Amino acid sequence: MLRILLPLLVWLASFSAIYGLHGIGCAAGWPDVALAGSSLFRLALLAAWIAAIVLQVAILIALRSTRFRADEGFAYRVSVALAWVGVVAILWTLFPLATVAECRVMG
């Protein structure tokens, strides 16, 4: 069961953590701190997004390895399919936040 749930749980945790980082960065004024030709805010979000991608890909590789893979059959196919879903979800749902995020007060 853990093999099936893990990729989506990691996506959920990554999504929540990166949006939390966005809020912390906005509250702390990170967009105004220049660092390496960009802002600390942008670099922190990009680093978190890349870390999430690496973690999801590592889970996909682990689920396909002989050590961590489920027995052949339904559980194996579903766990690998959901690992791919996790990779695509990280790329799709967090790309806008990591690349074009801004701090705005809506009102």
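**Helix packing and the disulfide link**

In helix α2, the buried residues are F41, L45, W49, A52, I53, Q56, I59, L60 and L63. In this predicted model, these buried residues of α2 pack against three elements, namely α1 (2–28), β2 (38–39) and α3 (74–100). Helix α2 comprises 25 residues (residues 40–64), which at 1.5 Å a residue should span 36 Å, and the distance of 36 Å between its end C-alpha atoms therefore agrees with the expected value.

Helix α1 presents its own set of buried positions, made up of I4, P7, V10, S14, I18, L21, H22 and G25, and these residues pack against α2 and α3. For the 27 residues of α1, the expected span at 1.5 Å a residue is 39 Å, and the end C-alpha atoms lie 37 Å apart, which agrees. Just after α1, G29 adopts a positive phi of about 80 degrees.

One disulfide is counted in the model, and this link joins C26 to C103 with an S to S distance of 2.0 Å. The pair connects distant parts of the chain, since C26 belongs to helix α1 whereas C103 lies in the segment after α3, 77 residues apart. The link of C26 and C103 is left-handed, with -90 degrees about the S-S bond. As regards accessibility, C26 has a relative accessible area of 26% and is therefore partly exposed, as buried residues fall under 20% and exposed ones over 50%. C103, at 34% relative accessibility, likewise counts as partly exposed.

Definitions and conventions:
Residues are numbered from 1 along each chain as its sequence is written. This is a predicted model: local features need pLDDT of at least 70, side-chain atom pairs count only at pLDDT 80 or more; totals for chains, interfaces and linings use all residues. Side-chain values use heavy atoms; hydrogens and water are left out. Helices (H or I, at least four residues) and strands (E, at least two) are DSSP runs, numbered from the N terminus. The expected span of a helix is 1.5 Å times one less than its number of residues. Buried means under 20% relative accessible area, exposed over 50%, partly exposed in between (1.4 Å probe, protein chains only). Contact means heavy atoms within 4.5 Å. A disulfide is a pair of cysteine sulfur atoms within 2.5 Å.
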